[in-house]
Amino acid sequence: PPLQNAELGKRAPRWIRDNEVTMCMKCKEPFNALTRRRHHCRACGHVVCWKCSDYKAHLEYDGNKLNKVCKDCYHVIIGCTDSEEKKKKGILEIESAEVSGNSVICSFLQYMEKSKPWQKAWCVIPKQEALVLYMYGAPQDVKALATIPLLGYTVDDTPRSADLPHSFKLTQSKSVHSFAADNEELKQKWLKVIHLAVKGET
């Protein structure tokens, strides 16, 4: 479990692995090879970009040595609160780990929009919003790439020849979202939930 504020700096955190995120867990900027290298906050273990790890604090678990920490931990450890940080999160800014832990269903699915190539996305339907499908780049990302309100969509579960074998489509007037699961069993699990959601049932 993530460390509570009171424990920051007193216990070594679990480090989130570099490959579990595609964006800075604080400012949500995507990482890329050149300008945004991944850094770890030594207090909370989150993966952050250089801009968000440009703070230092004395950490008790490391013999009170100065360590690189993220902005949030810096404020907690030196004991000042930043009321601005408490601004309401936008709909896309619900953390993936938060919704995945309390979801009707979540897994990786391949996703295709219009004629773009298939891409892997971490898809989640949260319990408290069982009619919305959230799509993330990776399971620990702190911001969704997209949300699809499922109500009123038509489900088509017969793959065309060009589609991946375990695929299904969601269509509503002009918007078409194609998904594909790794196997038939997973596809059926998703369809069971989606068939209810498009009718407004949970």
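Reading from the N terminus, the elements of this protein follow the order β-β-β-β-α-α-β-β-β-β-β-β-β-α. That comes to three helices and eleven strands. Do keep in mind that you are looking at a predicted model. Along its principal axes, the C-alpha trace spans about 60 × 35 × 30 Å.

**Two domains and their interface**

The domain assignment splits the protein into domain 1, residues 1-85, and domain 2, residues 96-199. Their C-alpha centres are 31 Å apart. Where the two meet, nine residues of domain 1 are in contact with seven residues of domain 2.

How big is such a meeting place? The size of an interface is often given as the accessible area lost when the parts come together. Here the area buried between domain 1 and domain 2 is about 700 Å², and carbon and sulfur atoms give 66% of that area. As for charged pairs, the rule finds zero salt bridges across the interface of domain 1 and domain 2.

| Interface item, domain 1 and domain 2 | Value |
|---|---|
| Distance between C-alpha centres | 31 Å |
| Buried area | about 700 Å² |
| Share of buried area from carbon and sulfur | 66% |
| Salt bridges across the interface | zero |

**The second largest pocket**

Now for a spot that may catch a chemist's eye. Rolling a probe the size of a water molecule over the atoms shows where empty space is left. The second largest pocket holds about 160 Å³ of space.

Which residues line the second largest pocket? The lining is made up of Y111, M112, E113, K116, P117, Q119, M135, L145, A146, I148 and H177. By character, these lining residues divide into seven nonpolar, two polar and two charged.

Which strand gives the largest share of the lining? That is β5, with three residues. Strand β5 covers 103-113, and β8 covers 146-149; each of these two supplies at least two residues of the lining. Residues 111, 112 and 113 of the lining, namely Y111, M112 and E113, fall in the range of β5 (103-113), while A146 and I148 fall in that of β8 (146-149).

Technical notes:
Residues numbered from 1 in each chain as written. Predicted model: local features only at pLDDT ≥ 70, side-chain atom pairs only at ≥ 80, totals over all residues. Heavy atoms only, no water. 1 Å grid on protein atoms, 1.4 Å probe; cavity = no way out; pocket = protein on both sides within 12 Å on 5 of 7 lines; lining within 4 Å. Points joined across faces, edges and corners; volume = space filled by probe spheres on them. Helix = DSSP H or I, 4+ residues; strand = E, 2+ residues; numbered from the N terminus. Nonpolar A, V, L, I, M, F, W, Y, C, P; charged D, E, K, R; others polar. Domains from an automatic or database assignment. Contact = heavy atoms within 4.5 Å. Buried area = accessible area lost by both parts, 1.4 Å probe. Salt bridge = Lys/Arg side-chain N within 4 Å of Asp/Glu carboxyl O.
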